[in-house]
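Student: I'm new to this structure and would love a close look at one part of it. Could you pick a strand and walk me through its surroundings?

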Amino acid sequence: MQSKTIGLPSYNIRKKTYSDGSVELTSYSLIRKRHKLENQEKIIKPKTDLAIKTDRQKYGKTVAQRIRDYGLSNKWDYFFTLTFSPENIDRFDYEKCSKAFSLWLKKTQTRQKRAGFSAMKYIAVPEFHKAKNEDGKSAVHFHLLVSDFYGELEETVFKHRKIKNGKAIYSSRKGFKILDWEKNWGFGTAQKIEGRIDKETGELRNGSRDASLYLSKYCSKFDESPVFGKKGAKFYWCSKGLKKPEVDYLLADVDVNLNDSKPSYTSKREVRVYSDVDEYEIETMTVNIYDFTAEEFEKISKNSIYFLSNICTK
């Protein structure tokens with residue numbers, strides 16, 4: 001069946017602007033086209049083990065980017081960690097744990113609504129323990145970024161012990177117990193998200209930003225999770241109405257000079273380059289991702305050769 005291409009602008013830069021003014025620039029070595037195909041037959045081909053592994057890795061990166069976008073576009077009050085007590089639930093059964101977690105989210109929203117409070121905002125991801133049980137299953141717990149939470153919290157001091165160079169090192173920090181979670185499921189801890197002083201620069205860091213980047217790192221490991229790919233398995237949760245970044249697709253008339261800025265991430269991938277609707281060649285494309293604070297991007301925009309055309313906002 002003949003496919004039809006709907007013409008949309010070409011681009012070689014994708015710019016994401018977050019609510020705090022920070023910017024993520026993704027540059028492509030090849031011109032990309034924002035297009036979609038209509039009336040195209042879907043061809044299902046048998047996948048090799050390598051193709052399946054690649055798909056899993058792509059999914060993990062896609063979810064990580066989604067969590068990052070939600071995280072950086074919203075302001076957060078707490079970082080929650082929710083674990084399960086073996087007395088209350090089998091913490092090695094991911095299906096049961098994810099259902100229990102979803103139920104807690106639903107009850108929390110209902111309780112706040114009945115009390116006249118605004119809905120809790122959240123994004124959440126699971127983390128699997130390295131240690132496994134006799135059946136080879138990993139225990140699971142959940143991490144969340146949360147704001148507008150009006151549940152019951154109890155201030156406490158958490159003590160930590162870790163081994164470094166064969167010696168035990170003890171530390172403590174203030175935080176909160178999440179009482180309505182602990183009544184039914186296990187152990188819940190909440191850390192207030194606050195800015196901290198950067199040891200190298202002496203500047204105050206954005207606490208919400210740091211927490212968002214910390215949370216998104218778990219998503220990139222999804223392809224290694226023991227239940228990845230199973231039907232009905234859920235790997236992230238988010239509340240309704242979260243803000244998203246403003247996305248611009250840009251076409252640079254000349255190479256963008258980023259003042260010798262080093263990309264935070266770079267990769268090479270094989271892509272289809274179409275000469276016609278159904279005719280293409282496989283070429284290698286380099287992708288570089290740059291992260292800038294609002295101040296850094298403003299400086300680069302003023303000092304760099306930055307000629308842009310065909311600006312299209314998504």
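Tutor: Happily; let's take strand β5 and follow what lies around it, starting from the whole protein.

Please keep in mind that this is a predicted model. The protein has five helices and 15 strands, and 37% of its 314 residues are buried.

Now to the sheet. Seven strands form an open sheet with antiparallel pairing, and their order is β8-β9-β10-β5-β7-β6-β11. Strands β8 (153-164) and β11 (237-238) stand at the edges; each has a single partner strand, so one side of each is left without a neighbour in the sheet. In the order of strands, β5 sits between β10 and β7. In general, the strands of a sheet pair through backbone hydrogen bonds. Strand β5 covers residues 78-84 and pairs with β7, residues 138-147, over five bridges in the antiparallel sense. One of the residues to look for is Tyr 78, whose bridge partner in β7 is Val 146. The ring of Tyr 78 also has company: the charged end of Lys 192 sits over it, 4.8 Å from the ring centre.

Next along the strand comes Phe 79. The whole structure holds 18 aromatic pairs. Phe 79 and Tyr 214 make an edge-to-face pair, with 5.7 Å from centre to centre and 65° between the planes. This pair links distant parts of the chain, since Phe 79 lies in strand β5 and Tyr 214 in helix α4 (residues 207-219), 135 residues apart. Phe 79 is buried, at 13% relative accessible area, whereas Tyr 214 is partly exposed at 38%.

Then look at Phe 80. Its ring and that of Phe 149 have centres 5.2 Å apart and planes at 90°, so this pair is edge-to-face. Here too distant parts of the chain are linked: Phe 149 belongs to the loop between β7 and β8, 69 residues from Phe 80. Phe 80 is buried at 0% relative accessibility, and Phe 149 is buried at 8%.

Phe 149 leads us on to a helix. Helix α2 (residues 94-114) lies across several strands, including β5 and β7, and runs at about 20° to β7. Thr 108 is part of helix α2 and is buried, with a relative accessible area of 1%. Beyond its neighbours within four places in sequence, Thr 108 is in contact with Met 120, Phe 149 and Asp 180.

Finally, find Phe 84 in strand β5. Phe 84 belongs to one aromatic cluster together with Phe 101, Trp 104, Phe 142, Trp 181, Trp 185 and Trp 237.

Technical notes. Residues numbered from 1 in each chain as written. Predicted model: local features only at pLDDT ≥ 70, side-chain atom pairs only at ≥ 80, totals over all residues. Heavy atoms only, no water. Helix = DSSP H or I, 4+ residues; strand = E, 2+ residues; numbered from the N terminus. Buried < 20%, exposed > 50% of the residue type's maximum accessible area, 1.4 Å probe, protein only. Pairing = 2+ DSSP bridges. Contact = heavy atoms within 4.5 Å. Axes fitted to C-alpha atoms, helices over the stretch in contact; angles between N-to-C directions. Phe/Tyr/Trp six-rings, centres within 6.5 Å; stacked < 30°, edge-to-face > 60°. Lys NZ or Arg CZ within 6 Å of the ring centre and 35° of its normal.
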